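Q: Could you take a close look at one part of this model for me, starting from a single charged pair and working outward? I'd like to see how that spot sits in the rest of the chain.

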Amino acid sequence: MKKIITLSLALVFVVSCGQSEAASGNDVTYDLVGVEFYNEFIPCVGGADFNQQNVDQMMQGWRSLNISDNLLGAWGYVPASETSRFDNGWGELSWESKEAADAAWAEWVQDEEAMAFLAANESVMVCDGDARASWDFTFHRDVESFGPTAEDGSFYTEFFPCKYNEGKSSDDLMNTITLYNEWLDGLEATGFYAYGIYAGDGSDELADFWWGNFHQSADSAATGSAGWIESGGDAKASLEATATCDVPELYDSGLIYDPANPAFSKS
C-alpha cells in the first residue's frame with residue numbers, strides 16, 4: 001500500500017506548521033497549541049521522471065482526488081544534507097487520531113481513481129504507505145510568535161532524534177519546554193520559527209521523541225543554533241539533563257495540502 005500520499009515529497013514547495021495563507025487569515029488546525037495530533041511519516045522516492053515540474057503537476061492532480069475530510073494537513077520533506085540517515089524524502093500526514101487515519105487509509109486503498117492516479121505517476125514518485133511511522137505531535141508555542149511563514153509556505157526543518165536519559169521522562173521534558181519558551185520570550189523576533197514534539201511509544205530504536213525545529217530558512221536555522229549554544233542557559237542545561245539528542249536530519253520542506261485552501265499551489 002504505497003499510497004495515500006504519493007503527493008508527499010512536494011519537493012521544495014514547502015509548508016508551514018501553522019498556516020499556509022497567513023496573509024489571508026485562514027487559520028488552520030495546526031494553530032492549536034497543546035493539542036495532540038496523530039501524525040504519520042511516509043518514505044517517498046523519486047522515479048525516472050522526478051523533477052520539479054512533474055512533481056508540481058502530480059501534486060495538483062493529487063489534490064483533485066477524493067481526499068479524506070479527516071486529513072488535517074500534509075507536508076513534504078526533501079533531504080537538505082548529504083549525510084542524512086535516510087536515502088528517501090518524506091510525506092507527513094496529520095490526523096486527529098489513529099482511528100481517523102486508519103479509516104481514511106481504508107477508504108483510500110479502495111478508491112479506483114486514486115489507485116489509477118498513483119500507478120500513472122510511479123515514474124515521478126512512489127511513497128510507501130506500508131512503511132509509514134506514526135508519532136503523537138504537539139506544538140508547545142504559538143507558531144507565529146516569531147512571525148508568519150513565507151507566502152509560498154516554504155520553510156526549513158531540523159528533526160532531532162532524542163532519547164530520554166536514565167530516570168527521565170516526558171514530565172521532565174515538559175519542564176524543559178517551559179524553560180525553553182521563557183528563553184524564546186527573550187529573543188528578538190526576526191522571522192518565522194516554530195517547534196513541536198513528536199512523541200513515540202518507546203518502540204523506536206533511534207528516538208523516544210523527535211524535536212522538530214521549523215525555520216524560515218537554512219540561514220536562520222544556523223543563526224538560531226548559534227544563539228542556542230551561546231545563550232541557552234537553564235533551558236539548554238535542562239534539555240541536556242533530560243535527554244540525549246543526536247545530530248538533526250535537515251530538510252527543505254513544503255506544504256502539500258491545507259484543508260482551508262485545498263487548491264493550494266506554489267505558483
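A: Start with Lys236 and Glu240, whose side chains form a salt bridge with the closest N and O atoms 2.6 Å apart. Keep in mind that this is a predicted model. Both residues belong to helix H6, where Lys236 and Glu240 are four residues apart, about one turn of the helix. As for cover, Glu240 is partly exposed, because its relative accessible area is 48% and anything from 20% to 50% falls in that class.

Now zoom out to the helix itself. H6 covers residues 233-242 and packs against helix H5, residues 218-231, at an angle of about 90 degrees, with 7 Å between the two axes. That angle makes H5 roughly perpendicular to H6. On the H5 side, Trp228, Ile229 and Ser231 make the contact, and on the H6 side Gly233, Ala235, Lys236 and Leu239 do. So Lys236 shows up twice here, in the salt bridge with Glu240 and in the contact with H5. Sorted by class, the H5–H6 contact has four nonpolar residues, two polar ones and one charged one.

The pair in H6 is part of a longer list, since the salt bridges come to seven. Next up is Asp246, which bridges to Arg85 with the closest N and O atoms 3.2 Å apart. Asp246 sits in the loop between strand E9 (243-245) and strand E10 (249-257), while Arg85 sits in the loop between strand E2 (73-79) and strand E3 (89-95), so this bridge ties together parts that are 161 residues apart in sequence. Both ends get some solvent: Asp246 is partly exposed at 41% relative accessible area, and Arg85 is partly exposed too, at 31%.

Back to the pair in H6 for a moment: Lys236 and Glu240 are joined by their own bridge. Elsewhere, bridges with shared partners link Arg85, Asp246 and Glu249 into one network. Glu249 also has a distant sequence neighbor in space: Thr83 and Glu249 are 166 residues apart in sequence, yet their C-alpha atoms are 8.5 Å apart. Thr83 is found in the E2–E3 loop, and with a relative accessible area of 70% Thr83 is exposed.

One more bridge is worth a look. Arg141 and Asp185 meet through their side chains, 2.9 Å from N to O. Arg141 lies in the loop between strand E5 (133-139) and strand E6 (155-164), and Asp185 lies in helix H4 (residues 170-185), so the two tie together parts that are 44 residues apart in sequence. The two ends fall in opposite classes: Arg141 is buried at 15% relative accessible area, whereas Asp185 is exposed at 54%.

Finally, here's the whole chain as a backdrop. The secondary structure comes to six helices and ten strands, and buried residues make up 48% of the 267 residues. Of the contacts with a separation of 6 or more, 85% are between residues 24 or more positions apart. The chain exposes about 12,200 Å², and 47% of that is supplied by carbon and sulfur atoms.

How values were computed:
Residues numbered from 1 in each chain as written. Predicted model: local features only at pLDDT ≥ 70, side-chain atom pairs only at ≥ 80, totals over all residues. Heavy atoms only, no water. Axes fitted to C-alpha atoms, helices over the stretch in contact; angles between N-to-C directions. Parallel < 35°, antiparallel > 145°, perpendicular 65-115°, else oblique. Contact = heavy atoms within 4.5 Å. Nonpolar A, V, L, I, M, F, W, Y, C, P; charged D, E, K, R; others polar. Buried < 20%, exposed > 50% of the residue type's maximum accessible area, 1.4 Å probe, protein only. Areas by Shrake-Rupley, 256 points an atom, 1.4 Å probe, with all protein chains shown as cover. Salt bridge = Lys/Arg side-chain N within 4 Å of Asp/Glu carboxyl O.
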